[in-house]
Amino acid sequence: MKKSTLLIIGFLVAGVASTTAQNVGDILAAADEAFELSDVYSRSTLTITRNGREQATQVMESFQSDAADGTVRSLSVFSAPPRVAGTAYLMIGNDLWIRFASTGRVRKMSSSARTNAAAGSDFSYADMGDGSRSFTAGYSARLDGMESIRGVDAHRIVLTPTQGDAAYERLVAWVSAEELIYLRVQYWTDGAPIKVMDLEDYRRVGNVHYPFVVRMRSLTNDSVSEIVTQEIVPASPRVEDRLFSSTYLRSLR
Amino acid sequence: MTSQRGLMERWARWATSNPGRAIIVALAITALLTIGVARLRLEMTFYSIMPDSSEQVRDLRYITEQFPFSSAIMAVVDARGYEGEDQKETIIRTIEEIEASLSGAAFSEFVDVIYGGIDPSFASEHGLMLVDTADMDRLVDLYQDTNLLGFLRGLNVDLEREYSGDGGALEDDEAQVVAWVNGLEEILSLMNRELEGEEISREEVSGATNAFLLGDPYLLSNDEQMGLLMILPTYTVNDIRPMVEGTTAIESEVKRIADANGVHAGITGLIAVGRDEMVTSEQGFATGMTIAIILIIALLVIVFRLWSTPLIIGLPLVIGIYWTAGLAGFLVSRLSIVTAMYMVALVGLGVDYAIHMISGFVQERDRGASTVDAVGLAFRKSGRGIVTGALTTAAAFISLVVADSGMIRELAVVASAGILAELVAMFLLVPAIVGVRERRLIRHSKPDPLVHRKQRIRSDFGRRIGEVSSRHPWGFIAGLAGLAVVLGIWSPRVSIEDNLMEMEAEGLESVELQDTLVEEFGLAPDSLFLITRDTEDLPTLVDDLEDLASVRAVEAVTTYVPTAADQAERRPFLEEIRRNLSDDDPTAVIDVDALLEELYRLEINLVEMGDLSVLGGNERLAHALNGATGLDNDGNKVERSVFDRLFEKLESEGGAVARLAEFQQAFSPELNQRIFQMANPDAVTMDDLPRMIRSTYQSRDGAANLVTIFPRQNPWVGSYRNIFTTQVESVTSDATGMILAADEMTRIAQVDGIRSMIAALIVVFLILLIDFRNLKLTLLSFLPLGMAFVSLLGIMAITEIQFDFINIIAIPLLVGIGIDGTVHINHRYLQEGRGGLVPTLAGTGTAILMTAVTTMIGFGSFIPSLMRALRSTGIVLTVAIALAFAYSVLFHPTLLMMVNERFGWNLKPWGSRDAGDQTRRVAGQPHKTERR
């Protein structure tokens, strides 16, 4: 056998060994970096297609910032469609409030509502990370081989909850082998997948790659919800602490 | 063997000379088998071929028999194209007219009972006993005070506690909230009319209160543009003939009444789909058989140039099919989709025997033999081959009885009986009809055109193939083997169609309405079911099932008759509600400001709920809430709502207090009395249930209860079915339903397809081994078959044609039919010997081509069928026969030549004398024949 051939095989073996040796925790940590932007202002659209019929696109501004104790906080204010323009959702950790633009009232939602659909979409509040920055917080992970997702080689990672009250009995995440970004996350309950989230159109934002298109497809309802980020600004001066309180929510006009 | 030939020849000569007697024998057989035909039932529904060996199928059959409501006909009244203002009223009027008409004597033969709406009497008596124990506290708070102010305050508290900001809870309780909103709007409208000085009747107050407490009695779609009726027929899906006649009569009446009201209507449900399967199958088979007979006879007239072909071949062919039907009547009593399909295919198979007989007859007449001699010689030369071929095919078919499913076992019996019936019909009638023809020619003093024209059957096709392949043997072998390998690489990608609805006829209204039911009514006709004997554990089971993401709702008898334990738990709450109500007399004075405050609060609650409903896409609820608040989906004020009118009156008029008190005197006692009645703490028993509910959930014999698990989507669509069934199985393994039964049928058909193929291969192998008495030749004979099989899979994968539980019968049929050409070539090559490739193909190629073409016409006649399962079966079997022909004629003879003449393989039968001498000796004869 030629020396050059041996060298090539040697490189290939080394590459494979390096990949398999990669710790699943490291892979997830790298993938989670996309969501570790701080003081983020963003503007995005949410389009829901149900039974093949596309509903009016919802436009929202979002503000995200961690509290001093690390609690994740976010405020989303809708500007369209007209019915919900001015309606806002405030999430602080696992607590949720809604402000109705039509009546100006603010309501705190029950804790059980975290598994409910967010803004009527296929995303639940739990899908947003159960009050943390990671899809996978609260789950233990194991590598389950490689698969191609949209033509990209990806680690298939199976995540099982470490606590009994998890919203899902299992998650399956596909993280690209090269860029270490989430490509797809599948949500399981009662032995079957019920939703699939695809993360696409990654672009560099600050120091991370951020998915500008996130699409959640319900496997139990004929429904797809797509969030398209129009603008995202990390460390934005528009994100202020005062935004993340029910008092501010009440003051919205 | 000589005696056998002699027997066949003697028979042929006798039948030709004594056609009348032969025809009498045939008529006697026909008369006898007519009894079998009379016994034959047509059961061409997918349901009828479900495998009885499956427990799920047995449960499904039990449910069909014992819970007839589970397969009720659903009539959908569709007013989406209606242009008048009174859309909802028109739907209700249509529903009532259909209900009245189908309840009449004219339909008593077909309709047991029809429900255009829900009987409110049971809910009026026991409604609150049916509320979850967990919600009993809510009820106590909600119904503490039936005065206007107290009622509105209690309602606001409840709405804010349960639904404010919680779109999920709104979605879960959509039907309840819609009833509340519509009823509330009616109550507030009455209040407004009272304030305007109108007289309000007691009936109007009672109607509004009923609407609030019990909801709309009609089954309306989310946007109230469609309505639904449930029709319980006097027959089940097992009663085929009434199912077709009755369902068609019901459908016609439903459509007639709908048309008269300017709306559309259609029917669906297991029975309606079964009727459509039956009708489209019958039409498909009738069309298929007509096409097959016409094409085959036309082909034979062209090839033989004999105008009497339709009589000589067509009549025995049709009589053979009739006999097969008679035998099927005696042996299996029915024709299913699969066996009926085979009957059509039999046109293409049965005609093969006649082709061999008439080919021989025409050739002998060419040579100048008399009619009787020509028939005798034709039978002498081809009789043994025909009988051996028929027995081989029949044996291959009968070996299918090893299958698990009754569907395949019935096919085994009917298919083998059909082959033998066609064989006997041809042997009896072809010589007899030739004899009749001869007598007519003599009587009319006409010359026989066959002798006159000296028409010869051309053999150019086979000869040319033989010449080319003998010049380029490796090219032929490598090319065809390469093709098989390439297609074989694709073959693992062939998939299984497990969606029954994809096998139905395209564009069937009964199938399309299933999607409408899911989208517009939130109902899926193909739910899953559970049969239970015990009700104590049912509430837990129902709760567990309702928690599944793929389940829309679960209904069980305990929804209407709670367990004794649940009733005992709920009783104190109901007694408390009654106690509160008994002290609750209408107040004489109403605090208008407080009432206004509660009305404003109520409007705000309804607007916020409307926001959530629009956001969440809960169309029915959004429609009701927008109607009550005067908003459109964008939140614009588009009309004055009942709230606006009330605010105007209450804020501006001084006399409101008196008129409100008057309204309260009418409304509050009515509300009080109705709630008091609904809070009945007495035990609810099965005897209290209305018939519609009892027959839905309790078996006819009272021994079992039914749990219905409604899916969120049409369960036949995409991957949802697996999710639905997997999640249900995570709770219980005892569920059944059409979707699980169809899965089971697909699974069994796959196993049966392979098992039947192996059995057929073994039987054919043994027959060929006995026939050829040479292992190498026997094994070589299977090579074209294997290549055809692999290529078929590859073509199916490339063209995305899927196997299903109907077309999978192509696998065993291919073994039984596809090997014929190879066998004929083997026999001829052994006769021709070394160097005999060209005469082998010249002598057999045309006949094999013709029999392949006629068989392909038989199977191909399914292709125009509306039913997709028949269409795909037609395509698969036609391609399979074409491939078997191609590899038999193009690949196999060349391979035989190479292994025998290049590599010296010994292909002679065991125990035969000097092979070389024998082949040379035998080889000489056909060459002479060819030259002659």
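This is a short tour of chain B in a predicted model, from the whole chain to two patches on its surface.

**Whole chain**

Start by selecting chain B and colouring by secondary structure: there are 36 helices and 10 strands. The radius of gyration is 38 Å, well over the 30 Å that the globule rule gives for 932 residues, so chain B is more spread out than a compact globule. Turn the view along the principal axes, where the C-alpha atoms fill a box of roughly 125 × 60 × 50 Å. Of the 932 residues in chain B, 59% are buried.

**Nonpolar patch**

Next, select B:Val485, B:Val486, B:Ile489, B:Trp490 and B:Ile798, and show their surface. Together they make a nonpolar patch of about 460 Å². Which helix gives the most to the nonpolar patch? Helix H19, residues 473–490 of chain B, does so with 4 residues. Centre on B:Val485, which is found in helix H19. Its relative accessibility is 52%, and exposed means over 50%, so B:Val485 counts as exposed.

**Negative patch**

Now clear the selection and pick B:Asp132, B:Asp543, B:Asp544, B:Glu546 and B:Asp547. These residues form a negative surface patch. Zoom in on B:Asp132 and trace the backbone on either side: where is B:Asp132 found? B:Asp132 is in the loop between helix H5 (121–126) and helix H6 (136–142) of chain B. With a relative accessibility of 45%, B:Asp132 counts as partly exposed, because that class lies between the buried limit of 20% and the exposed limit of 50%.

How values were computed:
Residues are numbered from 1 along each chain as its sequence is written. Chains are lettered from A and ligands numbered from 1 in the order in which they are written. This is a predicted model: local features need pLDDT of at least 70, side-chain atom pairs count only at pLDDT 80 or more; totals for chains, interfaces and linings use all residues. Side-chain values use heavy atoms; hydrogens and water are left out. Patches are made of residues with over 30% relative accessible area and no salt bridge: like charges are joined within 9 Å, nonpolar side chains (Val, Leu, Ile, Met, Phe, Trp, Tyr) within 5 Å. Accessible areas come from the Shrake-Rupley method with a 1.4 Å probe; for residues, only the protein chains shown count as cover. A salt bridge is a side-chain nitrogen of Lys or Arg within 4 Å of a carboxyl oxygen of Asp or Glu. Lys and Arg count as positive and Asp and Glu as negative; His and the chain ends are not counted. The place of a charge is taken as NZ of Lys, CZ of Arg, CG of Asp or CD of Glu. Helices (H or I, at least four residues) and strands (E, at least two) are DSSP runs, numbered from the N terminus. Buried means under 20% relative accessible area, exposed over 50%, partly exposed in between (1.4 Å probe, protein chains only). The radius of gyration is taken over C-alpha atoms; the globule rule is 2.2 Å times the number of residues to the power 0.38.
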